Amino acid sequence: MWLLSLRDLQWRRRRFLIAVVATSLIFALTLLVTGTAKGIDNEVGRIVTSFAADRWVVDEGATGPFTSTRPLDESVVDEIAAAAGVEGAAGLILFRGTLGGEAPVDVNLIGYEPGGLGAPTIDEGRAATAPGEAVVDVALGIDPGETIDLIGEDREVVGTADGVTFFYGIPTVFIPLADLQEMAFGGLPLVTSVITEGAPADLPAGVVALSNTQVEDDLRRPTQNGASTVEFIRVLLWLTAAGIIASIVYLTSLERLRDVAVLKATGAPNRVLVGSLVAQALVLSLASVVLAIPLALLMKPGMDFEVLLGPGDYLTLAVVGVVIGGLASLAGLRRALTVDPALAFGG
């Protein structure tokens, strides 16, 4: 069975190689889509965890600190800090903005209390502590010492932070709380949320405390449609790969009708005929899987989003590839099994 399959593949090696390249590209894209979906989901937990907070206090009408902007008076920070069960509290402003230039860049803006809870972990340089300073996401490719145009105001970059993207990979800029109060609220003493170390036993009227899990669930909500679309695209890619393999197997079965008839006339059992086509489909699938992995790693740096791939993803690709190969082989089985042995003696 294997000898028949390999000999036939050797005879049709050009078609086989073209099919392997085409299918491996589809499999590589599937890996990248899978890794992108994981990266988008991972950044949600990563950004929430980066604040090292136990609770997020927001206005009772807000769904969450990242998805709603309902300002609180800054005096609520001291009230929450004095509540039982709270070891520390700090006000934050979560906002949106742009970096000016020839090609404006959308950024997430976070105003924080220098030296307080929620200050970013610095990758290079130092934290922004004085007016006019900023810490930027390494994803922006801006180094400490450079100047940025943030919503029409020049700011000196004094440090960088890594792993602080959210909302589909949008980079983040951190500035002192007072600066963002001036930019967002005209200098009014307002914050959009209060993070705490420890869980407050009681809260001022008009606010609620959310756990990290609740905040993550709320932050994932705007990305649900995107996640569904990514999953739909992945299914389409699997079907495309199956179609390529099925078409190759079917064409092969048509071209081998006389060979199959000869095998039947000489008493070859159906399992040999079936096994030959299945083996071809599996060889094609597995060869495509092997080529797809380095192709995906080669294309990975060109993706705008974080792509997370691990051994489990490669194993899943191999398993699905085998399943696709087995199902695709059905395209030619019926034609091979119904061929008349008399065809072997035809002119």
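## Surface patches, a loop and two side-chain contacts

Let's start with charge: Asp123, Glu124, Asp143, Glu146 and Asp162 together form a negative patch on the surface. Keep in mind that this is a predicted model.

Asp162 is a handy way into the next region. This patch member sits in the loop that runs between strand 8 (153-161) and strand 9 (172-176). Its relative accessibility is 53%, so Asp162 counts as exposed, the cut-off being over 50%.

Stay in that loop for some backbone geometry. Phe167 also belongs to the stretch between strand 8 and strand 9, and so does Tyr168. What is the sign of phi at Phe167? It is positive, at about 60 degrees, although Phe167 is not a glycine. Tyr168 isn't a glycine either, and its phi is positive too, near 60 degrees. These values are worth a look because most residues other than glycine have a negative phi. As for the surroundings of Tyr168, a relative accessibility of 27% makes this residue partly exposed.

Now for the helices. Thr23 lies in helix 2, which covers residues 13-49. Is Thr23 buried or exposed? Its relative accessible area is 0%, so Thr23 is buried. The side chain of Thr23 has a polar atom 2.7 Å from the backbone oxygen of Ala19.

Ser75 is part of helix 3, residues 75-81. With 39% relative accessibility, Ser75 comes out as partly exposed. Its side chain makes a polar contact of 2.7 Å with the side chain of Asp73. Which residue, 114 positions away along the chain, has its C-alpha atom 8.1 Å from that of Ser75? That's Pro189.

Finally, there's a nonpolar patch on the surface. Phe232, Ile233, Val235, Leu236 and Leu239 make it up, and its area is about 460 Å². Among them, Phe232 is found in helix 6, spanning residues 224-255. Phe232 has a relative accessible area of 52%, so it's classed as exposed.

Here are the accessibility values side by side:

| Residue | Relative accessibility | Class |
|---|---|---|
| Asp162 | 53% | exposed |
| Tyr168 | 27% | partly exposed |
| Thr23 | 0% | buried |
| Ser75 | 39% | partly exposed |
| Phe232 | 52% | exposed |

Terms used. Residues numbered from 1 in each chain as written. Predicted model: local features only at pLDDT ≥ 70, side-chain atom pairs only at ≥ 80, totals over all residues. Heavy atoms only, no water. Patch = residues over 30% accessible without salt bridge, like charges linked within 9 Å, V, L, I, M, F, W, Y side chains within 5 Å. Areas by Shrake-Rupley, 256 points an atom, 1.4 Å probe, with all protein chains shown as cover. Salt bridge = Lys/Arg side-chain N within 4 Å of Asp/Glu carboxyl O. Lys, Arg positive; Asp, Glu negative; His and termini not counted. Charge placed at Lys NZ, Arg CZ, Asp CG, Glu CD. Helix = DSSP H or I, 4+ residues; strand = E, 2+ residues; numbered from the N terminus. Buried < 20%, exposed > 50% of the residue type's maximum accessible area, 1.4 Å probe, protein only. Polar contact = N/O pair within 3.5 Å; in protein donor to acceptor, adjacent residues only side chain to side chain.
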